[in-house]
Amino acid sequence: MLWPDTPKIEPVMLRERVMSIASRSFKGEFKTQALRCALNSIDLTTLEGKDTDQRVVQLCQKAVNWKTAAVCVYPINIAQAKLLVNGSGVKVTSVAAGFPSAQLPYKLRCKELEYALSQGADEIDVVMNRKLFLQGQYKKVYKEIEGFKKLCGSVTLKVILETGELERLEFIRKAADIALYAGADFIKTSTGKTSVSARNDVVYVMMGALAEYHAQTQKKAGIKASGGISTSKQALQYMALALEVLGPEWMHPQYFRFGASSLANDIQLQLLKQTLGVYPHTMYISTD
């Protein structure tokens with residue numbers, strides 16, 4: 001078998017466990033450190049049809065100033081973003097391969113990925129083919145992801161499972177395993193383009209797949225929680241889950257990311273509150 005058998009998941013027991021972990025609080029300096037870690041782990045994202053050159057400039061300036069992990073843009077904006085973040089340490093991530101639906105022939109999806117690579121993308125976010133997956137064509141899903149990784153080479157490949165469309169936790173675990181064993185460097189929850197985005201129980205299941213993958217192969221892969229994450233409270237819940245399931249060695253942008261646009265603003269407000277003792281007015285934080 002190319003990937004391990006999917007373990008049985010008891011949803012009720014799992015959700016009780018997740019609620020217990022996610023409810024843990026971060027206090028004092030530990031909270032400040034966690035918030036800074038969360039800020040540095042954000043892929044600051046703009047993926048709209050109305051993205052203008054000025055919008056990309058604003059996004060990149062914020063990413064550089066706040067030291068986020070990356071900016072995430074469409075392939076057409078890669079070259080501009082690369083120039084704007086040059087020398088800052090901020091990576092340029094691009095969605096590719098038929099984002100967000102993956103409903104294009106595989107060869108065309110590969111062409112878009114190759115274009116993104118030719119533009120200098122540091123990281124590529126692709127979407128798993130849910131049509132094939134939900135039809136039970138798991139080996140084809142594996143082969144597609146394997147092919148994407150071969151094209152990417154040393155460039156980081158993040159595979160979006162679009163968990164809101166997979167319906168069952170067992171399916172999410174199977175999809176995570178397939179992506180990891182096919183060569184994904186990261187597994188990611190969502191595109192942010194569907195009605196159901198990231199959830200604590202879903203991320204917990206995906207983290208379990210990462211932990212087992214590491215135990216079996218000695219290889220470390222990362223996780224990116226994306227879709228509907230806009231508050232520091234949500235971010236800290238995901239970090240509590242990561243610390244419990246994966247351990248502190250995963251708490252680094254190399255292995256842990258958030259895909260978000262407004263989360264960085266809220267984290268900055270929380271960091272100012274930690275310093276000042278009161279919540280500052282939102283006028284002090286850019287909403288661009």
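Which residues form one aromatic cluster? In this predicted model, the cluster is made up of Phe133, Tyr138 and Phe171. A search of the whole structure finds 10 aromatic pairs, of which two are described here. A pair of aromatic rings is described by the distance of the centres and the angle of the planes. For Tyr74 and Phe99, the centres are 6.1 Å apart and the planes are at 70°, an edge-to-face arrangement. This pair links distant parts of the chain, 25 residues apart. Tyr74 belongs to the loop between strand 2 (70–73) and helix 4 (78–85), whereas Phe99 belongs to the loop between strand 3 (91–95) and helix 5 (106–118). Tyr74 has a relative accessible area of 24% and is therefore partly exposed. Phe99, with 12% relative accessibility, counts as buried because the limit for that class is under 20%.

Tyr181 and Tyr213 also form an edge-to-face pair, with 5.0 Å from centre to centre and 85° between the planes. Tyr181 lies in helix 8 (residues 169–182) and Tyr213 in helix 9, so the pair ties together parts of the chain that are 32 residues apart in sequence. Tyr213 is buried, its relative accessible area being 8%.

Helix 9 also packs against helix 1. Two packed helices are described by the angle between their axes and the distance between the axes. The axes of helix 1 (residues 11–22) and helix 9 (residues 200–217) come within 9 Å and cross at roughly 100°. Because angles of 65 to 115 degrees count as roughly perpendicular, helix 1 and helix 9 are roughly perpendicular to each other. On the side of helix 1, the contact involves Leu14, Arg15, Arg17, Val18, Ile21 and Ala22; these meet Asn200, Asp201, Tyr204 and Val205 of helix 9. Six of the residues in this contact are nonpolar, one is polar and three are charged.

A further residue of helix 9 is Ala211, which is partly exposed at a relative accessible area of 28%. Beyond its neighbours within four places in sequence, Ala211 is in contact with Val245 and Leu246. The C-alpha atoms of Ala211 and Leu246 are 6.0 Å apart, although the two residues are separated by 35 residues in sequence.

The backbone departs from the common pattern at several positions. Most residues other than glycine have a negative phi, and most peptide bonds are trans. The peptide bond that joins Phe99 and Pro100, by contrast, is cis, with omega at about 0°. Pro100, like Phe99, is placed in the loop between strand 3 and helix 5. A positive phi, near 60°, occurs at Lys67, a residue other than glycine. Lys67 is in the loop between helix 3 (53–66) and strand 2 and, at 58% relative accessibility, counts as exposed. Glu162 likewise has a positive phi, of about 50°, although it is not a glycine. Glu162 lies in the loop between strand 5 (156–160) and helix 8 and is buried, with a relative accessible area of 0%.

Two buried residues with charged side chains are in contact with Glu162, namely Arg130 and Lys188. Arg130 is found in helix 6 (residues 130–134) and counts as buried at 6% relative accessibility. Apart from neighbours within four places in sequence, Arg130 is in contact with Pro100, Ser101, Ala102, Leu161, Glu162, Glu165 and Leu166. A polar atom of the Arg130 side chain lies 3.3 Å from the backbone oxygen of Pro100, the residue that follows the cis peptide bond. Arg130 and Ala63, in turn, are 67 residues apart in sequence, with their C-alpha atoms 32 Å apart in space.

Lys188 is located in strand 6 (residues 186–188) and is buried, with a relative accessible area of 2%. The side chain of Lys188 makes a polar contact of 2.9 Å with the side chain of Asp125. With neighbours within four places in sequence left aside, the contacts of Lys188 comprise Asp125, Val159, Ile160, Leu161, Glu162, Met206, Lys224 and Ser226. Leu161 and Glu162 are thus found among the contacts of Lys188 and also among those of Arg130.

Methods: Residues numbered from 1 in each chain as written. Predicted model: local features only at pLDDT ≥ 70, side-chain atom pairs only at ≥ 80, totals over all residues. Heavy atoms only, no water. Axes fitted to C-alpha atoms, helices over the stretch in contact; angles between N-to-C directions. Helix = DSSP H or I, 4+ residues; strand = E, 2+ residues; numbered from the N terminus. Parallel < 35°, antiparallel > 145°, perpendicular 65-115°, else oblique. Contact = heavy atoms within 4.5 Å. Buried < 20%, exposed > 50% of the residue type's maximum accessible area, 1.4 Å probe, protein only. Polar contact = N/O pair within 3.5 Å; in protein donor to acceptor, adjacent residues only side chain to side chain. Phe/Tyr/Trp six-rings, centres within 6.5 Å; stacked < 30°, edge-to-face > 60°.
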